[in-house]
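Open the model in your viewer and keep the selection box at hand. The stops below say what to select next and what is there.

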Amino acid sequence: MSANAVRGLNVLPISELEKNEYSSKGNFPMSFLENSIVPDNYQNVNSASMLSAAQNGSGAEINGDVVGNAEVEYIETEKLTDLLSVDATLNTLLARLDSKDWVSVCEALNNVRQLSVYHKEKLIDFLGDLIPKIVKSLKNPRSAVCKTAIMTCGDIFKVYNDLMIDFLDPLLVQLLLKSSQDKRFVCEASETALIAMTTWISPSLLLPRLQSYLKNKNPRVRAKASMCFSRSVPRLDVEGIKAYGINKLIEIAASQLSDQLPESREAARALAVELQAFYERSKLSSSEDSSQEEVDCLSWEAFCQAELSALSAQAILRVTSIAKQEEGSVAGC
């Protein structure tokens, strides 16, 4: 790219930049515009520094190729390939994650992804040092760095599963925040990473971490946490729900039903329906168990009224009653 072309990018009006971000037309690929121009501080980008980065010949290995510092590509997990020089990449990884060159940081994050997929045993010893640097990238105001870090989170959740639980909190708070912001491509990447988290980390470990965010002051964070919580509960088995406490879960569902954001309320409705189904299945399976507690003999309505305030019980019963009616209507068609 010539210096004139780069300078031309820097003076495009915001409306044009936003138009180009989601368009494949024009002289510049979407990945370049999205990574290099969309960030909030794009007007302060120095053209000369961008040119020197593109022309200095330096680069890092991504997907088997040595790439220069001119652009960043968002590589889907299934398209990641193995590294040619694993040890050399590992030796420089932490330093490159701390680089002041944002493209080098993106390259290093992609290397983390490659290592997690193809050499997870070698990378696991670095996790304690890597997580703070990934968190730093998640906080980076440049969208390209932030999105690449988000994709890295999704990959390491899938690879390391429950081993991530001790490192989860600083990643989780950032993913909840990023999934709540207005930049669509960052938000969508965060949602994907959160789905990976709820898919690959055991709900018995994850739910206590999520619960504290259900009362966060930020309503968008509460909504995203509610959605994660609702997705995780169905993955608990019978013993898992009993261990966590169905009474505690129904209290959580009731509290979220009155939240100000529709996403929270919808997640609470899904959770209430799931808990009712579990409760009724549990009653049927234990109906001949003479040692069952008295509360297990209660109807769903009586259970809710025993565990919740009158208003909360009424709200839960209304939700589950409507769900039953809709299920019956579908079955009758």
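Start where confidence is low. Select residues 63-70: pLDDT (the predictor's confidence in each residue, from 0 to 100) stays under 50 here. The model has 33 contacts (heavy atoms within 4.5 Å) for this stretch beyond four places in sequence. Now colour the whole protein by confidence. The average pLDDT is 81, and 72% of the residues score at least 70. Residues 1-59 are below 50, with 79 contacts in the model beyond near neighbours in sequence.

Some ground rules. This is a predicted model, in which local features need pLDDT of at least 70 and side-chain atom pairs count only at pLDDT 80 or more, while totals for chains, interfaces and linings use all residues. Residues are numbered from 1 along each chain as its sequence is written, and side-chain values use heavy atoms, with hydrogens and water left out.

**The whole protein**

Switch to cartoon. There are 18 helices and 2 strands. Both are DSSP runs numbered from the N terminus: helices are H or I with at least four residues, strands are E with at least two. Of the 333 residues, 47% count as buried. Buried means under 20% relative accessible area, exposed means over 50%, and partly exposed is in between (1.4 Å probe, protein chains only). Show the surface next. The protein exposes about 16,700 Å², and carbon and sulfur atoms supply 52% of that area. Accessible areas come from the Shrake-Rupley method with a 1.4 Å probe; for residues, only the protein chains shown count as cover. Among contacts with a separation of 6 or more, 66% join residues 24 or more positions apart.

**Helix 9 and its end**

Select residues 143-160, which form helix 9. Helix 9 has 18 residues and reaches 26 Å from first C-alpha to last, close to the 26 Å expected at 1.5 Å a residue. The expected span is 1.5 Å times one less than the number of residues. Of its 18 residues, 17 are buried, so helix 9 is largely enclosed by the rest of the structure.

Step on to Asn161, just after helix 9. What is the phi of Asn161 near? It is near 50°, a positive value in a residue other than glycine. Most residues other than glycine have a negative phi. Asn161 sits in the loop between helix 9 and helix 10 (168-178), and is partly exposed at 26% relative accessible area.

Across that loop, pick Gln174 in helix 10. Gln174 is buried, with a relative accessible area of 10%. Not counting residues up to four places away in sequence, Gln174 touches Val135, Leu138 and Lys139.

**Salt bridges**

The structure holds 10 salt bridges. The criterion is a side-chain nitrogen of Lys or Arg within 4 Å of a carboxyl oxygen of Asp or Glu.

- Asp155 and Arg113: their side chains meet at 2.5 Å, N to O. Asp155 is in helix 9 and Arg113 in helix 6 (residues 102-118), 42 residues apart. Asp155 is buried at 4% relative accessible area, and Arg113 is buried at 1%.
- Arg184 and Glu188: the closest N and O atoms are 3.9 Å apart. Both lie in helix 11 (residues 184-200), 4 residues apart, about one turn of the helix. Arg184 is partly exposed at 45% relative accessibility, and Glu188 is partly exposed at 45%.
- Glu191 and Lys224: this pair meets at 2.4 Å, N to O. Glu191 lies in helix 11 and Lys224 in helix 13 (residues 219-232), so the pair ties together parts 33 residues apart in sequence. Glu191 and Lys224 are both buried.
- Asp98, Lys133 and Lys136: salt bridges that share partners join these into one network.

**Helix 11 and the core**

Go back to helix 11. Its 17 residues reach 24 Å from first C-alpha to last, close to the 24 Å expected. Its buried residues include Phe185, Leu194 and Met197.

Met197 also leads into the core. Which residues have the most contacts inside the largest nonpolar core? They are Leu171, Met197, Phe229 and Ile316, in a core of 82 residues. Such a core is a set of buried Ala, Val, Leu, Ile, Met, Phe, Trp, Tyr and Cys residues joined through side-chain atoms within 4.5 Å. Helix 9 gives the largest share, 11 residues.

Finish on Phe229. Leaving aside neighbours within four places in sequence, Phe229 is in contact with residues including Leu207, Leu210, Tyr244 and Leu271.
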